[in-house]
Amino acid sequence: MLNKYKKILLVDDDENLNKVISFQLNQMGFDVTTATDGTSASNLFKHGSFDIVITDLQLPGMTGMELLTSIRRLDKNVIILIITAFGTVENAIEASQLGADDYITKPFGKETLRFVIEKTIQLRKLQAENVQLRSELYQKYDFGNLIGKSSVMEDVLKLTSKVAESDATVLIEGESGTGKELIARAIHYNSSRKEKSFITVNCPSIPENLIESELFGHVKGAFTGALKDRKGKFQLADHGTIFLDEIGDLKEDLQARLLRVLQEKEFEQVGDSNPIKVDVRVVAATNKNLELLVQDGKFREDLYYRLNVVTIILPPLRERKDDIPFLVDHFLIKHGKDKNYTITDEALNIIMQYDWPGNVRELENTIERAVVISRELVITPELLQPIWRSIKKKVALPPEIEEEDHLTLKEIERRAIINALNRSNGNQTKAAKLLNIPRHVLIYRMKKLGLR
Ligand SMILES: Nc1ncnc2c1ncn2[C@@H]1O[C@H](COP(=O)(O)OP(=O)(O)OP(=O)(O)O)[C@@H](O)[C@H]1O
Ligand SMILES: [Mg+2]
């Protein structure tokens with residue numbers, strides 16, 4: 001258990017006592033270096049790498065207190081235990097106020113010494129584990145797993161990290177599957193509220209008669225079935241973030257109540273007229289165009305402006321295809337577990353051509369499915385059903401020249417022109433060059449064939 005904490009610097013002006021304690025510590029398996037005054041202890045500490053410092057408070061030269069402060073400044077993590085005369089330090093709180101982890105009162109025996117050291121090390125380990133767990137949680141939602149290499153997404157991520165620092169209300173707009181929830185979480189877990197709750201409210205999924213109590217809570221007896229007091233999501237999110245998903249679907253009377261919460265940061269529980277104050281950061285998302293809903297009278301204009309302090313617009317995936325290869329890699333790793341999946345150029349090409357109406361979510365599902373059904377560690381086009389079929393259909397739109405025998409001259413000409421225009425991206429001068437005819441002839445032919 002003591003493995004990581006091995007090297008001890010022991011500081012006491014009483015040389016005999018140093019010898020006794022050293023001996024005991026050696027028996028417990030520690031490496032001990034001793035010093036009898038503050039200055040030499042400080043020098044030893046600077047040049048060695050100690051895990052634990054045990055020091056008397058009364059020392060010649062530099063006092064124990066000065067030593068403690070200078071060591072803490074050099075190393076925040078080293079364990080410091082102080083040896084005190086009876087009555088100098090009354091409890092652990094006082095010791096920690098001095099910058100030490102704990103204290104031992106003189107005179108003490110070997111068992112007390114062991115107990116205090118082991119207890120402190122254990123506490124340290126728990127704290128380290130806790131930090132580790134938290135940082136894993138943050139990593140899950142920080143920018144590490146948010147892919148955005150295209151220039152539009154780089155802008156989105158910059159804006160996201162900027163608003164995360166503030167307390168501003170944020171409205172996230174984007175088609176289904178574009179990553180709105182991921183952005184909302186990134187905002188929370190990169191804000192000063194990250195240690196508090198991130199509470200999601202999926203507006204359309206809550207039954208209409210329950211949504212008020214769901215958001216604001218109720219008191220016992222407020223309605224049939226309200227058997228005891230219940231906190232609402234706004235209370236649960238106090239000091240944290242509330243994520244109002246699909247806000248465009250919120251009914252009108254609730255829009256009014258929400259407006260009040262945003263304006264006054266207070267509300268009443270169902271069945272109670274006492275206002276409750278909360279400190280909640282609001283992030284809302286919608287796949288609808290709220291501005292249009294406002295124009296149609298379906299969303300309150302004043303609420304829209306309250307929500308729309310900062311708007312983050314997530315472009316559909318088809319408008320940021322540069323992200324696709326990176327997302328594919330990301331999902332191959334995410335769903336391929338520890339295996340090393342790759343994708344063929346042909347398969348990636350198909351993915352690049354597809355329109356992705358379901359955006360990143362559809363891409364993720366497609367890759368996950370391909371990984372599950374693949375027999376080898378390579379993703380090939382066949383594994384990309386059903387998008388493969390849809391792409392094939394598209395490519396085949398002017399039907400393949402299978403029935404070449406039946407083609408009329410006019411049809412062949414039409415195809416040749418379409419082909420040339422496609423290859424020149426619609427540039428008629430270039431297309432004419434490809435066809436080896438003058439531009440005015442091309443235009444004339446196009447007119448005749450009814451091509452625009
Ligand atoms: N930029 C991204 N990088 C990595 N993964 C992403 C990205 N955007 C979205 N995803 C993934 O795609 C899936 C859908 O994302 P999310 O749920 O955030 O979308 P949404 O916009 O809230 O969708 P909906 O409107 O359907 O609720 C999630 O699994 C998410 O992890
Ligand atoms: Mg969502």
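A residue counts as buried when its relative accessible area is under 20%. Gln-235 has a relative accessible area of 16%, so Gln-235 is buried. This value, like the others below, comes from a predicted model. Gln-235 lies in helix α9, which spans residues 233-236. Leaving aside residues up to four places away in sequence, Gln-235 touches Phe-216, Gly-217, Phe-267, Gln-269, Ile-276 and Val-278. Ile-418 offers a second case, in helix α17 (residues 409-423). Its relative accessible area is 26%, and the range from 20% to 50% counts as partly exposed, so Ile-418 is partly exposed. Ile-418 and Phe-50 are 368 residues apart in sequence. In space, their C-alpha atoms are 77 Å apart.

The strands come next. Strands of a sheet pair through backbone hydrogen bonds, and the pairing is either parallel or antiparallel. One open sheet has five strands in the order β2-β1-β3-β4-β5, and its pairing is parallel. The edges are held by β2 (31-35) and β5 (102-105). Each has a single partner strand, so one side of each lacks a neighbour in the sheet. On average, neighbouring strands of this sheet are turned by 20° against each other, direction ignored.

Within this sheet, strand β1 (residues 7-11) pairs with strand β3 (residues 52-56). The two are parallel and share four bridges. Leu-9 stands opposite Val-53 in β3. Helix α2 (residues 38-47) packs on the sheet and touches β1, β2 and β3. The direction of α2 makes about 145° with that of β2. Helix α3 (residues 64-74) also packs on the sheet. This helix touches β1, β3 and β4 (79-84), and its direction makes about 175° with that of β4.

Strand β3 pairs with β4 as well, in the parallel sense and over five bridges. Here Thr-55 stands opposite Ile-82 in β4. Strand β4 is mostly covered, with six of its six residues buried. Ile-79, Leu-81 and Ile-83 point one way from β4. Ile-80, Ile-82 and Thr-84 point the other way, and all are buried.

The two helices on this sheet also meet each other. Two packed helices are described by the angle between their axes and the distance between the axes. The axes of α2 and α3 come within 10 Å and cross at roughly 10°. Angles under 35 degrees count as roughly parallel, and α2 and α3 are therefore roughly parallel to each other. From α2, the contact uses Gly-38, Ala-41, Ser-42, Phe-45 and Lys-46. From α3, Leu-67, Ser-70, Ile-71 and Leu-74 take part. The residues of this contact divide into five nonpolar, three polar and one charged.

A further open sheet of five strands has the order β7-β8-β11-β6-β12, with parallel pairing. Strands β7 (198-202) and β12 stand at its edges. Each has a single partner strand, so one side of each is left without a neighbour in the sheet. The twist averages 20° from one strand to the next.

Strand β6 (residues 170-174) runs parallel to β12, and five bridges join the two. The bridge partner of Gly-174 in β12 is Leu-314. Strand β6 also pairs with strand β11 (residues 281-286), in the parallel sense over four bridges. In that pair, Glu-173 stands opposite Thr-286 in β11. Strand β12 (residues 310-314) has two unlike faces, one covered and one uncovered. Val-310, Ile-312 and Leu-314 make up the covered face. Thr-311 and Ile-313 make up the uncovered face.

Helix α6 lies across β6, β11 and β12 and runs at about 150° to β12. Helix α6 (residues 151-165) also packs with helix α7 (residues 180-189). Their axes are 8 Å apart, at an angle of about 40°. That angle makes α6 oblique to α7. The crossing of α6 past α7 is right-handed. Val-156, Leu-157, Thr-160, Val-163 and Ala-164 in α6 meet Ile-183, Ala-186 and Ile-187 in α7. Seven residues of this contact are nonpolar, one is polar and none is charged.

Terms used: Residues numbered from 1 in each chain as written. Chains lettered and ligands numbered in written order. Predicted model: local features only at pLDDT ≥ 70, side-chain atom pairs only at ≥ 80, totals over all residues. Heavy atoms only, no water. Axes fitted to C-alpha atoms, helices over the stretch in contact; angles between N-to-C directions. Parallel < 35°, antiparallel > 145°, perpendicular 65-115°, else oblique. Left-handed = near helix turned anticlockwise from the far one by under 90°. Contact = heavy atoms within 4.5 Å. Nonpolar A, V, L, I, M, F, W, Y, C, P; charged D, E, K, R; others polar. Buried < 20%, exposed > 50% of the residue type's maximum accessible area, 1.4 Å probe, protein only. Pairing = 2+ DSSP bridges.
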